Amino acid sequence: ASVASGGEQTIGEERVDGFEIGLSGAITARWHLTGSYGFLDSEIVDDGPLGRNEGNAFPNTPRSSLSVWTTYELTPRATIGGGGSFVDVRFGNAENTVSVPGYWRYDAMAAFKVAAKINLQVNVQNLTDEVYFVRPYRAHYASIGPARSVVVSVTMDF
């Protein structure tokens with residue numbers, strides 16, 4: 001236990017055991033792939049003298065998460081890409097009585113070299129317009145993730 005400013009005291013112990021693995025590379029000269037997987041085994045080991053949550057997972061910590069992204073160069077001037085990400089169930093409280101479901105989200109992009117130093121890119125995020133929650137809270141409330149959106153950008157090299 002340690003004493004923080006204002007006389008508050010931090011009591012208890014939490015532990016996360018896990019790993020993350022990532023891969024990145026070229027399948028061919030024009031096709032690239034990246035991906036990662038993370039596993040987190042969170043546990044409230046000691047919830048303090050009045051706590052009753054020992055053995056529970058702690059809030060907003062997904063057990064598994066996964067991300068995959070690929071791009072393919074159609075021509076020297078045009079590239080397309082897409083991928084998906086998964087986030088597992090997360091609890092909003094230490095009691096593990098409030099949770100949000102896991103979800104998959106898919107994104108895509110297309111990039112075009114308009115001129116020697118001008119690039120145009122279109123990104124579509126949340127292609128399937130999935131309703132998902134990015135953060136659970138203890139009071140039966142959760143933040144909703146962004147709906148489908150399209151972002152167009154133009155970049156110029158100097």
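This passage looks at an open sheet and at the surroundings of Tyr-132 in a predicted model. Local features were taken at pLDDT of at least 70 and side-chain atom pairs only at pLDDT 80 or more, while totals for chains, interfaces and linings use all residues. Residues are numbered from 1 along each chain as its sequence is written, and side-chain values use heavy atoms, with hydrogens and water left out.

Start with the sheet. Seven strands (E, DSSP runs of at least two residues, numbered from the N terminus) line up as E3-E4-E5-E6-E9-E10-E13 in an open, antiparallel arrangement; strands count as paired if DSSP finds at least two bridges between them. Strand E3 (13-26) and strand E13 (149-156) sit at the edges with a single partner strand each, so one side of each has no neighbour in the sheet. From one strand to the next the twist averages 10°, with axes fitted as lines to C-alpha atoms and angles running from 0 to 180 degrees between N-to-C directions. Within the sheet, E9 (residues 103-115) and E10 run antiparallel and are joined by seven bridges; Met-109, for instance, has Asn-123 of E10 as its bridge partner.

Next comes Tyr-132, in the loop between strand E10 (118-125) and strand E11 (133-137). Tyr-132 is buried, at 2% relative accessible area (buried means under 20%, with a 1.4 Å probe and protein chains only). Beyond its neighbours within four places in sequence, Tyr-132 is in contact (heavy atoms within 4.5 Å) with Tyr-103, Arg-105, Asn-126, Ser-143, Ile-144, Gly-145 and Pro-146. With Arg-105 there is a side-chain to side-chain polar contact at 3.2 Å, that is, a pair of N or O atoms within 3.5 Å, one able to donate a hydrogen and the other to accept it. As for Ser-143, eleven residues along the chain from Tyr-132, the two C-alpha atoms are separated by 8.6 Å.

Note on methods:
Helix = DSSP H or I, 4+ residues; strand = E, 2+ residues; numbered from the N terminus. Buried < 20%, exposed > 50% of the residue type's maximum accessible area, 1.4 Å probe, protein only.
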